[in-house]
Each structure stands twice: as structure tokens, then as C-alpha cells.
Amino acid sequence: MSHHIVEAANIHYSYPDSTAALDGVSFRIGHGESVALVGENGAGKSTLLRHFTGCLFPSSGMLKIDGGVVEKKNLPAVRRAVGMVFQNPDDQLFMPTVFEDVAFGLLNMGVPAAELDGRVMAALQTVGAAHLRSRPPYRLSQGEKRAAAIAGVLAMAPDILVMDEPTSNLDPMSRRRLITLLKTFGHTKIIATHDLDFALETCERTIVIHKGRVTADGPTVEIFNDERLLTASSLEKPMSARAWPQNRLKTS
Amino acid sequence: MSELGASLVDIGYMDTLAAGSTPLHRLDPRAKLLTTALFIVAVVSFGKYEVSALLPFLLYPVYLAAEGRLPARYLFKKVLLVSPFAVMVGIFNPFFDGGVLLRVGHLGVSGGWVSFASILLRFLLTVSAALALLALTGINSICEGLLRLGAPRAFVVQLLFLNRYLFSLAAETENMTRARALRSAGKRGMRFGVFIQILGHLLLKTLDRAERVYRAMLARGFDGHIRVTRGYKIGRRELLFFFCWTALFALFRFVNLPVMLGQAVTGLLK
């Protein structure tokens with residue numbers, strides 16, 4: 001039985017051109033937690049996300065997922081455990097029809113043909129996109145593309161859902177649908193986002209990253225109420241939190 | 001939509017066509033691949049002045065398009081799109097090969113013109129057959145079929161990604177040319193220096209994008225195989241398709257039917 005835990009221990013990473021992107025990142029995300037990963041552009045969020053799917057490996061330090069270290073020989077297991085929704089759905093959708101795209105991951109997992117239809121349609125229904133099944137992805141709207149991309153990942157039944165800027169390019173209604181949808185998921189969720197209102201609604205915990213380091217890690221409400229911390233990390237108090245009294249909650 | 005964007009959607013239309021459900025669509029891709037390969041070999045194996053013997057081969061692409069309910073106009077337009085290449089190959093033949101080869105009444109037709117016609121006809125045959133194959137099968141199934149026929153994996157994966165990245169390349173190009181046009185103050189054309197800059201930049205951006213696409217595929221367990229939902233089975237229908245066409249191609253290749261037909265008709269008239 002796996003425990004759907006993500007554990008980072010002092011991860012450092014430098015790109016080949018020696019830009020240091022991660023400078024000692026540590027955290028532990030437990031089973032079923034929803035965690036927002038926030039930070040300014042270039043803070044290291046995307047670099048960190050790439051570690052979760054084993055597209056990058058730490059220069060030093062260790063990343064454990066489901067109890068196993070993320071390294072080359074564990075990649076198939078890691079990629080089965082982690083479902084990654086990319087920032088740009090156009091990078092993710094590439095099969096000729098939505099149905100085939102959602103089926104892509106399942107076929108790679110070796111799901112038998114008899115089960116395929118049911119699992120694909122179940123995933124599409126979850127995101128409210130069953131009617132798109134035979135449409136070519138490049139003809140869909142941004143919101144529909146996002147839904148199809150999420151279905152493609154959900155179909156694989158990952159333990160941990162990782163999303164990169166899931167609300168970018170979404171209209172308010174699609175964004176609202178996504179929030180409602182995410183709230184129904186029992187997965188461990190890690191969501192990198194600049195949409196702090198969205199983070200506030202979907203994640204009870206927030207990790208702030210600034211210049212490759214974790215500068216804060218705690219309940220979302222507390223972190224978003226700490227204006228000094230937010231300013232220092234090039235962030236801004238979310239709109240929906242503006243009405244809060246200053247230091248309504250004690251920050252740690 | 002810009003011209004480029006429109007033609008991009010047009011390429012994607014091939015995939016939409018491939019999702020059809022006629023018996024030809026359901027045929028195992030290997031049968032279609034091998035038959036089309038044989039067809040192409042038969043067509044290109046004729047001598048350079050051959051025209052009449054090539055005509056019966058038109059049956060194959062016409063059959064594929066008709067049986068597979070493919071839009072003939074669309075396919076023909078795609079053939080025209082690449083035709084400048086064939087024209088370039090043959091256009092100088094009439095100048096270099098002036099010997100009279102054929103007499104129609106008092107009019108002499110030079111060997112150059114005959115070989116040019118032959119090149120165009122072969123081009124029409126092979127390209128339309130290949131396009132029909134693509135529209136009936138889809139690139140993913142073709143690649144899987146190639147793999148099962150024993151084609152080297154490195155080659156097949158290259159082909160797969162060539163198709164996949166074509167879309168990202170076109171999308172990037174469209175964005176960049178539009179961005180340039182909007183800031184070019186109504187000037188048309190592009191300075192050479194700017195063109196070089198854009199080209200270099202385009203390459204880097206496309207590489208970046210290709211990497212993201214590849215990462216997204218890896219994240220969903222891609223291992224060099226594109227698995228398709230359609231089953232693969234060489235059955236009676238596949239064998240029938242393959243052998244009937246092979247027999248016909250052999251007949252067309254070794255017996256010049258139009259000439260025979262012409263002789264028979266003139267024989268009757270005598």
C-alpha cells in the first residue's frame with residue numbers, strides 16, 4: 001500500500017548553463033493534502049515540478065514519491081503515481097481525437113481493450129467533456145482543452161495530481177468549474193499557480209518559493225495574510241483576502 | 001484565420017478522415033502499407049518515356065478514394081500543393097531532349113515532352129496513393145504498422161515526431177509572423193536580416209516546445225510505442241486486398257492494356 005507522500009530533502013538543482021534554480025528545497029506533503037506552490041516568475045516552481053515527473057533529477061538532495069526515491073530506474077513507477085497537467089494543454093494533447101488522447105496514457109499502462117472505453121468515458125464525464133470524445137483537440141476552446149488534458153491524466157488514476165498554472169487562459173466560468181472539480185478530488189494535489197484566489201479556494205496549505213528556496217510553508221490563510229512575506233516574495237494579497245482585518249490570524 | 005493556420009487545420013483534417021469507419025479504414029494498416037508500397041514500386045519501375053502503360057494504375061488511388069469515401073477535391077488540392085516539386089524535376093526535359101519520339105498526324109512530339117508527361121503522371125499516381133493511404137489509416141496506425149512490419153524503431157519514432165512537431169512548428173511560425181506583421185508598419189516583405197533572425201529564433205522556440213511536448217508524453221508513460229485503439233489482425237479481407245491488387249499491379253506492369261485495347265479496336269475497324 002503506497003501512502004501518496006511527496007518528500008523533498010534539501011534539493012539543489014542547477015541548469016547546465018549553471019543557473020541555480022533550486023537552492024535547498026525541503027518539504028513533506030502528506031496523503032490527500034492540497035498544496036499550492038506559489039512564487040514569482042522564475043522562482044523555481046516549474047523546475048521543481050519537473051522533478052516530480054523525473055524529467056529533471058536533483059543535483060544534490062533527494063526527492064521521494066510514494067516512499068521511493070525519484071531516480072532513473074524508478075521512473076515508470078513514479079510516472080504512474082504522479083499525474084502531471086501541463087501549463088499549456090497544447091503541449092499535452094496530440095492524438096487525433098479527444099478519446100484517443102485520453103486513452104493514450106491508459107494504453108501505455110497496458111489497460112486491456114475491454115476496459116478502455118469505460119475508463120476513458122468515466123474520466124471525460126468527470127471533467128464534463130464526454131461530448132467532446134470524437135473532436136480533434138486542436139479545434140477545442142482553451143477551457144475544453146484544459147478539461148481534456150485533465151481527463152487524460154485522471155484516466156490513469158494517479159495517486160498524486162500535479163498541476164502547472166491550471167487557471168491560466170481560462171474564462172471565469174471555466175475557472176469556477178475547475179475549482180469545483182478539484183474540490184471533489186481525493187488525490188494528493190500540488191498546484192503551482194499565480195492565481196492566489198484560486199489557491200485560497202482549493203488548497204489548505206501553501207508553500208512559498210523565492211529564489212529557489214522555500215520561504216514559507218503553512219496554512220494558506222495565514223500565509224496570504226502576511227503582507228510582508230508576500231511582498232518580499234513578489235506576491236500580492238489575493239483580492240478575496242483584502243477584506244480580512246490585518247493580522248486576523250497570528251502568523252508564525 | 002491566416003493562410004498558415006488554415007493549412008494547419010487542413011493537415012489535421014487528415015486525422016479526422018482517418019477516423020472513418022468504411023471497410024477500407026478498418027483494414028489492417030500493414031495490408032494497406034504493403035500494397036501501396038508495391039504500387040509505388042510498380043509505377044516508378046517503368047522506362048522514362050512510358051505514359052500509356054501508367055494509365056491503368058489510376059484505378060488504385062481512385063478505388064481508395066471512392067471506397068474510403070474520401071473527399072476527392074480535398075485530396076486533389078493536396079496533390080496540387082506539392083506539384084511544383086514534380087514540375088521542377090521535369091520542366092527542363094523538353095529543352096534537353098529534343099529528339100522527336102512520337103508523331104500525332106504531322107505534329108512531332110519530342111522525347112522531352114513525353115518524359116515530362118510521364119514524370120507528372122507518376123507523381124500524380126504515387127502522391128495521391130500515399131495521401132489516400134494516410135487519410136484512410138492515420139499517421140499513428142501507419143507508424144504502428146511499420147513497426148510491426150519490422151521497420152527500425154528509430155526510424156518510425158522519427159516519422160511520428162516529424163508529424164507531431166509539424167503542428168508545433170506551424171503554430172510557432174504563425175505566431176511569429178503575425179507578431180512581426182503587426183509591428184512592421186504596413187510594410188510588406190521582410191528584410192533579409194530580419195528573416196534570418198526570425199528563422200533562428202523560430203528554431204530555438206520550436207526546440208523548446210518540442211521538449212515540452214516530449215515531456216508531456218513521457219509523463220503519461222510514453223515508451224516509443226504509440227498504441228492505437230484499433231485492433232490489428234491479418235485476416236481474409238487483408239489477404240484478399242493485398243493479393244488482388246498485387247495481381248492487378250503485375251498485370252498492369254507487364255501487359256500494356258491501353259495499347260492492347262487500342263490495337264483491338266483498330267483491328268475491329270479494319
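Me: Let's start with the helix on the sheet. Which strands of chain A does helix α1 (residues 45–52) lie across?
Reply: In this predicted model, helix α1 of chain A lies across β1, β2 and β4 (60–65) of that chain. Against β2(A), the helix runs at about 60 degrees.

Me: And how do I read the sheet underneath? What is the strand order in chain A?
Reply: General idea to begin with: strands of a sheet pair through backbone hydrogen bonds, in either a parallel or an antiparallel way. Here, 4 strands make an open sheet in chain A, ordered β2-β1-β4-β5, and the pairing is antiparallel. β2 (20–29) and β5 (68–69) are the edge strands of chain A; each has a single partner strand, so one side of each has no neighbour in the sheet.

Me: Okay, zoom in on one pair. How many bridges join β1 to β2 in chain A?
Reply: Strand β1 (residues 6–14) is joined to β2(A) by 7 bridges, and the two run antiparallel. If you want a spot to click on, A:Val6 has A:Ile29 in β2(A) as its bridge partner.

Me: Now the two chains. How many residues of each are in contact?
Reply: Chain B puts 24 residues in contact with 29 residues of chain A. Together they bury about 2400 Å², with 59% of that on carbon and sulfur atoms.

Me: What about charges? How many salt bridges cross the interface?
Reply: The rule finds 3 between chain B and chain A. One of them pairs the side chains of A:Asp91 and B:Arg209, at 3.2 Å from N to O. On the chain B side, α1 (3–18) and α10 (192–219) each supply at least two residues that touch chain A. The largest share, 8 residues, comes from α10(B). By type, that side of chain B splits into 10 nonpolar, 6 polar and 8 charged residues.

How values were computed:
Residues are numbered from 1 along each chain as its sequence is written. Chains are lettered from A and ligands numbered from 1 in the order in which they are written. This is a predicted model: local features need pLDDT of at least 70, side-chain atom pairs count only at pLDDT 80 or more; totals for chains, interfaces and linings use all residues. Side-chain values use heavy atoms; hydrogens and water are left out. Contact means heavy atoms within 4.5 Å. Buried area is the accessible area (1.4 Å probe) that two parts lose on being put together, summed over both. A salt bridge is a side-chain nitrogen of Lys or Arg within 4 Å of a carboxyl oxygen of Asp or Glu. Ala, Val, Leu, Ile, Met, Phe, Trp, Tyr, Cys and Pro count as nonpolar, Asp, Glu, Lys and Arg as charged, and the others, Gly among them, as polar. Two strands pair if DSSP finds at least two bridges between them. Axes are lines fitted to C-alpha atoms, for helices over the stretch in contact, and angles run from 0 to 180 degrees between N-to-C directions.
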